[in-house]
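Work through the exercises below with the sequence and the model side by side. Try each task before reading its solution.

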Amino acid sequence: MNVVVGITGGIAAYKAVGVVRALVLAGHEVHVVPTEAALRFVGRPTLEAISRNPVHVDLYEGVAEVRHVAIGQAADLIVIAPATANTIAKLANGLADDLLGNTVLASEAPLVIAPAMHTEMWRNPATQANVSTLAERGVTIVGPAVGQLTGADSGPGRMEEPEVIVRAALAAVGGRAEDSAGRRDAAQGDLAGRRIVVSAGGTREPLDPVRFLGNRSSGKQGVAIAEAARARGAEVTLVAANLEIGEPGGCDIRRVSTALELREAMQTAAAGADAVIMAAAVADYRPAAISEAKIKKEPGDAGLTLELVRNPDILAELGHAPHDGTLLVGFAAETENDPERLLALARAKREAKGADLLVVNRVGWTEGFASDENRVSVIGAGGVVVAELHGSKLSVADGILDVIAEALTDHPASEDTHAR
Ligand code: C5P
């Protein structure tokens with residue numbers, strides 16, 4: 001396949017070398033089109049050596065061979081990584097003041113962009129409007145990932161890892177369908193047309209105006225699933241309970257705090273969804289009464305006894321209510337050390353809650369929660385282990401979505417589901 005990799009001027013340009021390399025190693029013919037600004041971050045000789053092709057930047061070079069349209073016309077896929085806020089704005093408006101802009105306009109190939117910028121720039125309404133415009137036109141947006149940025153700050157804005165970008169880019173070509181007239185659809189991922197609801201984070205149960213009972217879930221795995229599902233074309237609702245990390249872009253976010261709020265949000269969002277993924281850590285109990293005033297210690301008292309009542313099990317409620325056409329995915333975080341007993345707990349949980357898939361991981365004082373890595377097993381029908389995944393939470397998210405995408409292949413897309 002003939003792939004154009006556009007590189008624009010951001011620090012993440014150095015990571016674009018990884019994108020070029022992965023595409024070359026996968027057997028593709030790669031032509032790199034950097035902007036002038038990109039060459040301040042990564043050198044042309046590096047790009048020529050890695051892509052094994054000459055690298056052109058200048059619109060007014062090669063005029064005789066009409067290079068400004070030739071590169072775009074020959075492309076089967078265009079990937080822009082990193083895509084700065086400025087480039088995204090130019091793409092949204094169809095500007096063609098450099099070779100990359102001309103290449104994109106002169107091409108009918110799927111376009112995949114990997115935004116990278118500071119969180120404030122990503123959240124800026126202008127950027128969000130431009131991203132929405134591109135998404136509506138069928139452009140695949142990969143990321144941005146949530147995490148440490150160039151400075152001391154962190155949040156959504158980091159360019160997605162090269163392997164994730166390449167995967168989404170190749171899926172965008174694979175997901176292209178031809179209509180009856182032989183025209184191709186807009187670029188789509190393998191979850192395009194699917195509506196996916198993800199819960200993430202940990203609930204907090206207030207005791208009084210200043211205290212709560214909570215848990216150590218950071219929300220990283222659930223947010224990674226939401227991000228990855230969106231990158232693969234799904235319409236994503238993220239029910240976010242007290243996230244300790246930034247919210248991903250491009251998802252419909254419903255913020256909740258307590259288990260009862262999460263339950264209401266999930267019940268509303270789950271209706272008619274293709275998949276519901278309960279990655280949130282939900283408190284099993286809440287205080288029987290919430291004190292209106294701050295609870296005070298009394299002189300000489302030996303302790304405080306709290307009365308707790310059970311919270312509803314949201315996943316089990318969804319699992320035991322009619323949910324035709326909606327795949328239910330639960331999570332289990334267990335401190336069990338023995339791998340067989342861990343799987344046995346997960347199998348029992350899957351059955352008891354009426355989930356289709358159950359993702360189980362071991363947690364401990366130092367494992368699981370705030371980490372960027374995860375190791376999980378996915379249990380399917382009959383208690384069979386359908387996937388063993390480990391690596392970054394994003395790669396684990398993609399592995400879980402592979403299982404979900406496979407399970408959904410027999411289901412019509414959600415528009416059809418509503419009509420059934
Ligand atoms: O029973 P346990 O808490 O281990 O179950 C974990 C799974 O059930 C997770 O998917 C979690 O989101 C969900 N859950 C729930 N409501 C609760 C407790 C857990 O939906 N009250």
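Two strands pair if DSSP finds at least two bridges between them. Helices (H or I, at least four residues) and strands (E, at least two) are DSSP runs, numbered from the N terminus. The model is predicted: local features need pLDDT of at least 70, side-chain atom pairs count only at pLDDT 80 or more, and totals for chains, interfaces and linings use all residues. Residues are numbered from 1 along each chain as its sequence is written, and side-chain values use heavy atoms, with hydrogens and water left out.

**Exercise 1. Lay out the open sheet of 5 strands.**

Step 1. Start with one pair. Strand 3 (residues 77-83) and strand 4 (residues 111-115) run parallel, joined by 4 bridges. Ile78 stands opposite Leu111 of strand 4.

Step 2. Extend to the whole sheet. The order is 2-1-3-4-5, with parallel pairing.

Step 3. Find the edges. Strand 2 and strand 5 (140-141) each have a single partner strand, so one side of each has no neighbour in the sheet.

**Exercise 2. Which residues of helix 3 (residues 67-74) are buried, and where do they sit around the axis?**

Step 1. Apply the cut-offs. Buried means under 20% relative accessible area, exposed over 50%, partly exposed in between (1.4 Å probe, protein chains only). Arg67, Ile71 and Gly72 are buried.

Step 2. Take the arc, built from the directions from the helix axis to the C-beta atoms. These residues cover only 130 degrees, which puts them on the same side of helix 3. An α-helix has 3.6 residues a turn, so residues three or four places apart point the same way.

Step 3. Find the packing partners. The buried residues of helix 3 pack against strand 1 (2-7), strand 2 (29-34) and helix 5 (99-105). Contact means heavy atoms within 4.5 Å.

**Exercise 3. Place the largest nonpolar core.**

Step 1. Define it. A nonpolar core is a set of buried Ala, Val, Leu, Ile, Met, Phe, Trp, Tyr and Cys residues joined through side-chain atoms within 4.5 Å.

Step 2. Find its hubs. Among its 69 residues, Leu238 and Ile404 touch the most other members.

Step 3. Find the main contributor. Helix 13 (residues 393-408) gives the most, with 9 residues.

Step 4. Locate the core. Domain 1 (2-172) and domain 2 (195-419) both contribute residues, so the core lies between them. The bounds come from an automatic or database domain assignment.
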